[in-house]
Every structure is written in C-alpha cells, then in structure tokens.
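Me: I want to learn to read local features from a model. Can we work through this one step by step?

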Amino acid sequence: QLQLVESGGGLVQPGGSLTLSCTASRGTLQYTPIGWFRQAPGKEREGVSCIGNSGSLVRYSDSVKGRFTVSRDNDKNTVRLRLDNLSPEDTAIYYCVPARWVTNATDDGRACIKASSASWGQGTQVTVSS
C-alpha cells in the first residue's frame, strides 16, 4: 500500500514562502492523483490542491489560488506544494494523500478526496506568524 510522508513545514513570517514535499516511503505515487489538505486548529480538514497522475491536471481551492503551486516529479516519487505570500490564515497542519477525483465538484477545493484505501499521515506543520 502506498504510504506518503510530508515534510518542509515550519515557521514563516507573513508574506513568506515554503515548499512542502510529499514523498512515497513505500510504493510508487506515479499512477495516483495526490491531494493536499490542511487542518487549522479548531477547524475541519479542508482541501487545498489536487494534482493528477501526469501533473497536467491541477486544482486549487479559492483561498490559495494564485499563491500555492502544486507539482510532481514522478521519477523522484515526490509531489511538492509551493506556498507563497503566506498569511496567518494559512497556519495549519498540511497533509498529502492518495486521492481520487470528484465528478462535478461544487468548487475546486473539493475537486478530489482521499482515496478510500488511503490513510492520513502525520502531516507537516505550517505556522505563519510575525
């Protein structure tokens, strides 16, 4: 079973940037859409971005569109999420997970969901504060 590990989180000032990585610790992710999700303290987990197998199909939630960029390098078994122009509202634990596309999603933040066979990992903490 594919297992993913998130890394790259940290403390950053408002307006700063981070690049999160999602690497397969077991199995290969090259055939699987990957979703990025986040959970802020006291809030439900929400979708951030989705990327298809080849990387040509991507989606972003409205709250991060234009600031976050998802990419993948299947040769390195890695998906990355570049976070730019961060604000305190982006503070959360970020998770990557094997995903499946949602037909007729109501918005791009719900374009993909966790695959039923996948499990949530530990995530990586992003804290935006001055």
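Reply: Start with the lining of the largest pocket: Phe-37, Arg-45, Glu-46, Gly-47, Ser-61, Asp-62, Ser-63, Asp-107, Gly-109, Arg-110 and Cys-112. Keep in mind that this is a predicted model.

Me: How do the residues of that lining divide into nonpolar, polar and charged?

Reply: Sort by residue type. Here the lining has 2 nonpolar, 4 polar and 5 charged residues. The space in the pocket is about 210 Å³.

Me: Now a single residue. Where is Arg-72 found, and is Arg-72 buried or exposed?

Reply: Place the residue in an element, then check its accessible area. Arg-72 is in strand β7, residues 68-73. Its relative accessible area is 14%, so Arg-72 is buried, the cut-off being under 20%.

Me: What does the side chain of Arg-72 reach?

Reply: Look for polar contacts. The Arg-72 side chain reaches the backbone oxygen of Thr-32 at 3.0 Å. A polar contact of 2.9 Å also joins the side chains of Arg-72 and Asn-74. Beyond four places in sequence, Arg-72 touches residues including Leu-29, Pro-33, Ile-51 and Val-79.

Me: Where does Thr-32 lie, and why is Thr-32 classed as buried?

Reply: Apply the steps used for Arg-72. Thr-32 lies in the loop between β3 (18-26) and β4 (34-39). Thr-32 is classed as buried because its relative accessible area is 19%, and the cut-off is under 20%.

Me: Which residues is Thr-32 in contact with, leaving aside neighbours within four places in sequence?

Reply: Skip the sequence neighbours and list the rest. For Thr-32 they are Leu-2, Asn-53, Arg-72, Pro-98 and Ala-99.

Conventions:
Residues are numbered from 1 along each chain as its sequence is written. This is a predicted model: local features need pLDDT of at least 70, side-chain atom pairs count only at pLDDT 80 or more; totals for chains, interfaces and linings use all residues. Side-chain values use heavy atoms; hydrogens and water are left out. Helices (H or I, at least four residues) and strands (E, at least two) are DSSP runs, numbered from the N terminus. Buried means under 20% relative accessible area, exposed over 50%, partly exposed in between (1.4 Å probe, protein chains only). Contact means heavy atoms within 4.5 Å. On a 1 Å grid over the protein atoms alone, a cavity is a set of points where a 1.4 Å probe fits but cannot get out, and a pocket is an open set with protein on both sides within 12 Å along at least five of seven lines; lining residues have an atom within 4 Å of a point. Grid points are joined across faces, edges and corners, and a volume is the space filled by probe spheres set on the points. Ala, Val, Leu, Ile, Met, Phe, Trp, Tyr, Cys and Pro count as nonpolar, Asp, Glu, Lys and Arg as charged, and the others, Gly among them, as polar. A polar contact is a pair of N or O atoms within 3.5 Å; within protein, one must be able to donate a hydrogen and the other to accept it, and residues adjacent in sequence count only if both atoms are side-chain atoms.
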